[in-house]
Amino acid sequence: MEITIIGTGYVGLATGASLSEIGHHVTCVDREEEKIKLLQTGDLPIYEPGLKEMVDKNRESGFLIFSRDLVKCCSTAEVIYISVGTPQNQDGTADLTDIKDAAVEIAKTINRDMIVVIKSTVPVGTNERLKQLMQDNLQYPVSIDIVSNPEFLREGSALHDTFHGDRIVIGSTNQHAADVVVKINEPFKLPIVKTDFRNAEMIKYASNAFLATKISFINEIANICELTGANVEEVAKGMGMDKRIGAEFLQAGIGYGGSCFPKDTKALIQLSGNRNHDFELLKSVVKVNNNQQVLLVDKAKKRFGDLSGKRVAILGLAFKPNTDDIREAAAIVVINKLLEEGAEIIAYDPAAMNLAMQILPRGIRYANSVATVLKGADLGFILTEWKEFKQMDLSEVKRLMKEPIIFDGRNCFDLEEVKFYDIEYHSIGRPTIL
Ligand code: UDX
């Protein structure tokens, strides 16, 4: 099919590349000229494993093109996807400005019956309003149908999650429109959940909120493990073997970040609150996560008493490995807290440095390798579990640092291994190695 996708962020690009990979003719549109120019020359504005190869292949074969001309791309499309951002407002509600603008622009452009697929995460009830907004702005006597098709892509594994996800959710009030989107996705051979708008919107928010809840739960268990001499890794293993619990998302650490969990949990709390339901549980999930992000600094303050003047090596800035995304990353909170304590910061991340430099405070030094960041450091913080860090040679770590003292927010190392190299090692939910 001829598909136009509006918005070339993580979701739009991964969706566009994947749909072209399964044989659709896809045009990705973005209003940012620089982004489109970059994409047309084969460069990607984001770091996502495997995406460049898939984009290059389909761009060269003509199945995937990039354009700024929304009017032209909407006139040739059989189906239009909207995957623009719905960032968080100050009060926690979702900012729908971009998606409403895109909807109006599409409505004013189309001159034939159209199916519009909403990929962006939007509060329950939004798709109905978007449908009405588009119908109110139509310039020609055509019909417009909306399908809610929320994404469940994890940054760093977006393509894997597209081709090997657990389900495709399709929310619509029009059977034909739903069937067209089912057909588009048929080559993925994934289970399809067909439902209405509100259920599709709620499935997205409830899924993310539940995953965030699972993370905050295991982090609280980790905190209690530290007080009881238990080891959260062993506890999580024992828990996860119960199929009702499941082994995934039980990795204790310094909490969740990224462009979704923080935003979607707060949006759901707002959405419930606006309907006079105080979502206490989810509010606690957010509170636990905020506390977890500063936990390492508290541990370091307890260990050193005073951190002022201490040279701290920060290993990892991205909110998770295999991405350059630093949005809501724990590293931002940790670094700001350490600066407040007067520490001297030097940071390294294999992919997120450029984006980090744009938002982290001035006065931080950056290194271009593990060796450089660790050299002469009084203490080290591991904030992202990059493979490069997990495979560090601990004898080298010991040789390079002034003092081999590591605060590991992602439990990268086995306690026995750390003991062997005689490194002082503080981690999450496990005994401290002194
Ligand atoms: C998430 C959802 O997983 C995905 O389905 C949705 O579409 C978008 O939001 P993403 O935020 O990209 O994906 O990454 P994810 O792998 O879910 O990790 C989110 C955060 O949780 C990261 O900061 C990660 O470090 C943290 N996390 C994840 C944990 O702390 N422990 C875990 O066990 C898993």
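**Ligand surroundings, a parallel sheet and unpaired cysteines**

In the ligand site, an N or O atom in the side chain of E151 is placed 3.0 Å from an oxygen atom of the ligand; the model analysed here is a predicted one. Of the accessible area of 660 Å² that the ligand has on its own, 92% is covered by the protein. Further approaches of this kind involve R410, where an N or O atom of the side chain is 3.4 Å from an oxygen atom of the ligand, and L250, where it is a backbone N or O atom that lies 3.5 Å from a ligand oxygen. E151 and R410 thus take part through their side chains, whereas L250 takes part through its backbone.

The shell around the ligand consists of 19 residues, of which E155, K204, G257, F319 and K320 come nearest. When these surroundings are sorted by class, 9 residues are nonpolar, 4 are polar and 6 are charged. With respect to secondary structure, the largest share of the shell is contributed by helix α9, which spans residues 197-228 and supplies 3 residues.

Turning to the strands, an open sheet is formed by 6 of them, arranged in the order β11-β10-β9-β12-β13-β14 and paired in parallel. The edges of this sheet are occupied by β11 (365-366) and β14 (424-426); each of these has a single partner strand, so one side of each remains without a neighbour in the sheet. At the β11 edge, the pairing with strand β10 (residues 344-348) is parallel and is made by 2 bridges, and within this pair I346 has R365 of β11 as its bridge partner.

The cysteines were also examined for disulfides, and the count came to 0. In the case of C260, the closest cysteine sulfur is that of C28, and the separation of 18 Å is too far for a bond, given that the two sulfur atoms of a disulfide must lie within 2.5 Å. A separation of 18 Å is likewise found between the sulfur of C412 and the closest cysteine sulfur, in C225, and here too the distance is too far for a bond. The two residues can also be described by their exposure: C260 is partly exposed, with a relative accessible area of 22%, while C412 is buried, with a relative accessible area of 12%.

Conventions:
Residues are numbered from 1 along each chain as its sequence is written. This is a predicted model: local features need pLDDT of at least 70, side-chain atom pairs count only at pLDDT 80 or more; totals for chains, interfaces and linings use all residues. Side-chain values use heavy atoms; hydrogens and water are left out. Buried means under 20% relative accessible area, exposed over 50%, partly exposed in between (1.4 Å probe, protein chains only). A residue is near a molecule or strand if one of its heavy atoms lies within 4 Å of it. A polar contact is a pair of N or O atoms within 3.5 Å; within protein, one must be able to donate a hydrogen and the other to accept it, and residues adjacent in sequence count only if both atoms are side-chain atoms. Accessible areas come from the Shrake-Rupley method with a 1.4 Å probe; for residues, only the protein chains shown count as cover. Helices (H or I, at least four residues) and strands (E, at least two) are DSSP runs, numbered from the N terminus. Ala, Val, Leu, Ile, Met, Phe, Trp, Tyr, Cys and Pro count as nonpolar, Asp, Glu, Lys and Arg as charged, and the others, Gly among them, as polar. Two strands pair if DSSP finds at least two bridges between them.
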